[in-house]
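Student: I would like to go through this structure and ask what the terms rest on.
Tutor: Go ahead; here it is.

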Amino acid sequence: MAATTRQAGPYPTWTEARSGIGRRVSLPAYCGGVDSEAGSGTASLGFVVFPTRIGHCAIVWRHGGAVVGSTLPQGGADQVRGAVRRWYEGAVEAEPPAAVAAAVDRVTGLLGDGGEAEDAPTARIELDMTAVPDFDRRVYDVVRQIPPGQTLTYGEVATRLGAPGSAQAVGQALGRNPFPPIVPCHRVLAAGGKIGGFSARGGASAKRRMLEREGALVEEPTLFDL
């Protein structure tokens, strides 16, 4: 399902902000404040940190409830808060508006049992991709259509884009993904079904565990299973 885009002033994506290691990134106050449903404040963005089966995650939203970023676990809840505040200067932790609260429930469920309700998949979460480059946006639109339990390779995503031969560019776009796991980059594998890279905390091992939970991979036996 194609993600909805919104017209708004430009601001850094999560990855653009993260690339400025050692410096704070200022976001223009184009919204005039956090959504009224999310409490008072003067920042243009709000965020919520929430527990999941794999650790604390966060979702960042702008006025109106459109999601501008999310993150998989970075350690504990305080580490996630610190990361969000570094990447989105001025973002305020707040009670999420209804649309974001629903997104939290969907992400929590996905990271819990690996499944999704047919009437409320994460693919329906509204994302603000205003600041996302066109090629990356097209990649994310394709990847959002991959359901839990299924995978594509970077090359297959490139083919669906009508750009065969651009598998490397697809991988780079997914490495910049500011919306994990809403844009499920963990469902895209390297050629031959190899796990491939994963920029989130835990790397390829975390990617494998997420896929196993969704039923896309057979769990590897532990020492006690041998």
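**Strands, spaces and one glycine**

Tutor: Strand E2 (residues 55–62) pairs with E3 in the antiparallel sense, over 4 bridges. This is a predicted model, where local features need pLDDT of at least 70 and side-chain atom pairs count only at pLDDT 80 or more, while totals for chains, interfaces and linings use all residues. Residues are numbered from 1 along each chain as its sequence is written, and side-chain values use heavy atoms, with hydrogens and water left out.

Student: What makes E2 and E3 a pair?
Tutor: Two strands pair if DSSP finds at least two bridges between them. E2 and E3 have 4 bridges, so they meet that definition. In one of the bridges, Val60 has Gly69 of E3 as its partner.

Student: Which strands form the open sheet, and in what order?
Tutor: The sheet has 4 strands in the order E3-E2-E1-E4, with mixed pairing. Strand E3 (67–71) and strand E4 (92–93) stand at the edges because each has a single partner strand, which leaves one side of each without a neighbour in the sheet.

Student: What makes E4 (92–93) a strand?
Tutor: Helices (H or I, at least four residues) and strands (E, at least two) are DSSP runs, numbered from the N terminus. E4 covers 92–93, so it meets the minimum for a strand. The protein chain holds 7 helices and 6 strands, in the pattern α-β-β-β-α-β-α-α-β-α-α-β-α along the sequence.

Student: Why is Gly165 called exposed?
Tutor: Exposed means over 50% relative accessible area, buried under 20%, and partly exposed in between (1.4 Å probe, protein chains only). Gly165 has 82%, so it is exposed. Gly165 is in the loop between helix H5 (154–160) and helix H6 (167–175). Its C-alpha is 7.0 Å from that of Gly155, with the two residues 10 apart in sequence. Of the 226 residues of the protein chain, 48% count as buried.

Student: How do you know that the structure holds cavities?
Tutor: Rolling a probe the size of a water molecule over the atoms shows where empty space is left. On a 1 Å grid over the protein atoms alone, a cavity is a set of points where a 1.4 Å probe fits but cannot get out; a pocket is an open set with protein on both sides within 12 Å along at least five of seven lines; lining residues have an atom within 4 Å of a point. Grid points are joined across faces, edges and corners, and a volume is the space filled by probe spheres set on the points. There are 2 cavities of 30 Å³ or more. The largest cavity has about 60 Å³ of space, and the second largest about 40 Å³.

Student: Which residues line the second largest cavity?
Tutor: Its lining consists of Leu110, Leu111, His186, Met210, Arg213 and Glu214. Helix H3 (98–113) and helix H7 (203–214) are the elements that give two or more residues, and H7 gives the largest share, with 3.

Student: How many residues of that lining are charged?
Tutor: Asp, Glu, Lys and Arg count as charged; Ala, Val, Leu, Ile, Met, Phe, Trp, Tyr, Cys and Pro as nonpolar; the others, Gly among them, as polar. The second largest cavity has 2 charged, 3 nonpolar and 1 polar residues in its lining. The largest cavity has no charged residues in its lining, with 7 nonpolar and 3 polar.

Student: How much space lies in the largest pocket?
Tutor: About 160 Å³. Its lining has 7 nonpolar, 1 polar and 3 charged residues, and includes Ile54, Phe198 and Arg209.
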